[in-house]
Amino acid sequence: QVQLVESGGGLVQPGGSLRLSCAASGFIFSIYAMSWYRQAPVKERELVAAITTTGGSTNYSDSVKGRFTISLDNGKNTVYLQMNSLKPEDTAVYYCKAERTVLDGYVNHEYDYWGQGTQVTVSS
């Protein structure tokens with residue numbers, strides 16, 4: 001079992017910055033990727049950014065590219081999302097996701113885990 005606890009959300013003015021954190025606990029050693037999603041009212045949940053725990057490769061949605069940065073801490077059990085130049089359209093509930101692989105004989109089983117979400121509101 002993997003537990004994800006998110007923090008760092010809040011109210012910020014347009015052009016401001018926030019840093020979201022997601023701390024993983026439990027059986028975290030087999031996590032191979034972590035990512036951030038967001039969901040605004042009356043909108044579908046969308047991928048914001050993702051990072052691999054092995055090589056540190058990243059990818060971003062076009063709407064946040066150049067403004068947001070995803071990263072891992074030294075122990076690779078916490079993922080961050082640094083959000084700069086925030087816009088009102090960034091307002092949403094942000095969720096972190098962990099992907100874990102468990103080897104069972106010759107078969108690899110993959111599991112997804114989600115955080116509880118944290119509210120980000122960008123408004124003047």
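# A tour of an all-strand model, starting at Ser61

Select Ser61 to begin: with a relative accessible area of 16%, this residue is buried (buried means under 20% relative accessible area, exposed over 50% and partly exposed in between, for a 1.4 Å probe and protein chains only). The model is predicted, so local features need pLDDT of at least 70 and side-chain atom pairs count only at pLDDT 80 or more, while totals for chains, interfaces and linings use all residues. Residues are numbered from 1 along each chain as its sequence is written, and side-chain values use heavy atoms, with hydrogens and water left out.

Ser61 belongs to the loop that links strand S6 (58-60) with strand S7 (68-72); strands here are DSSP runs of E with at least two residues, helices are runs of H or I with at least four, and both are numbered from the N terminus. Display its surroundings next. Apart from neighbours within four places in sequence, Ser61 is in contact with Leu47 and Val48, where contact means heavy atoms within 4.5 Å.

**The whole chain**

Now zoom out and colour by secondary structure. How many helices and strands does the protein chain have? There are 0 helices and 11 strands, and the pattern along the sequence is β-β-β-β-β-β-β-β-β-β-β. The C-alpha trace extends over about 55 × 30 × 25 Å along its principal axes. The radius of gyration of the protein chain is 15 Å, which agrees with the value near 14 Å for a compact globule of 124 residues; this radius is taken over C-alpha atoms, and the globule rule is 2.2 Å times the number of residues to the power 0.38.

Of the 124 residues, 38% are buried. Among contacts with a separation of 6 or more, 54% join residues 24 or more positions apart. With the surface switched on, the accessible area of the protein chain is about 6900 Å², and carbon and sulfur atoms contribute 50% of that area (Shrake-Rupley method, 1.4 Å probe; for residues, only the protein chains shown count as cover).

**Strand S9 and its partners**

Select residues 92-104, which form strand S9. Which strands pair with S9, and over how many bridges? Strand S4 (residues 31-39) pairs with S9 in the antiparallel sense over 8 bridges; two strands count as paired if DSSP finds at least two bridges between them. Within this pairing, Met34 has Ala98 of S9 as its bridge partner.

Strand S10 (residues 107-114) also runs antiparallel to S9, with 8 bridges joining the two. Here Val102 is placed opposite His109 in S10. The two strands make a hairpin with 2 residues between them, and Gly105 in the turn has a positive phi of about 65 degrees. A further antiparallel partner of S9 is strand S11 (residues 118-122), joined by 3 bridges; to see this pairing, select Ala92, which stands opposite Val120 in S11.

**The S7-S8 hairpin**

Move to strand S7 and strand S8 (residues 78-83), an antiparallel pair with 5 bridges. Leu72 has Val79 in S8 as its bridge partner. The hairpin has 5 residues between its strands, and Lys76 takes a positive phi near 60 degrees there.

**Val5 and Ser21**

Select Val5 in strand S1 (residues 2-7). Beyond residues up to four places away in sequence, Val5 touches Ser21, Cys22, Ala23 and Gln116. Draw a distance from Val5 to Cys96: the C-alpha atoms lie 8.6 Å apart, although 91 residues separate the two in sequence.

From Val5, step to Ser21 in strand S3 (residues 18-26). Is Ser21 buried or exposed? Ser21 is buried, with a relative accessible area of 16%. Not counting residues up to four places away in sequence, Ser21 touches Val5, Glu6, Ser7, Trp36, Val79 and Tyr80; Val79 has already appeared as the partner of Leu72.

**Two loop residues with positive phi**

The last stops are Val42 and Ser85. Val42 lies in the loop between S4 and strand S5 (46-52) and has a positive phi of about 60 degrees although it is not a glycine. Val42 is exposed, with a relative accessible area of 85%.

Ser85 is found in the loop between S8 and S9. Its phi is near 50 degrees, again a positive value in a residue other than glycine. Ser85 is partly exposed, with a relative accessible area of 41%.
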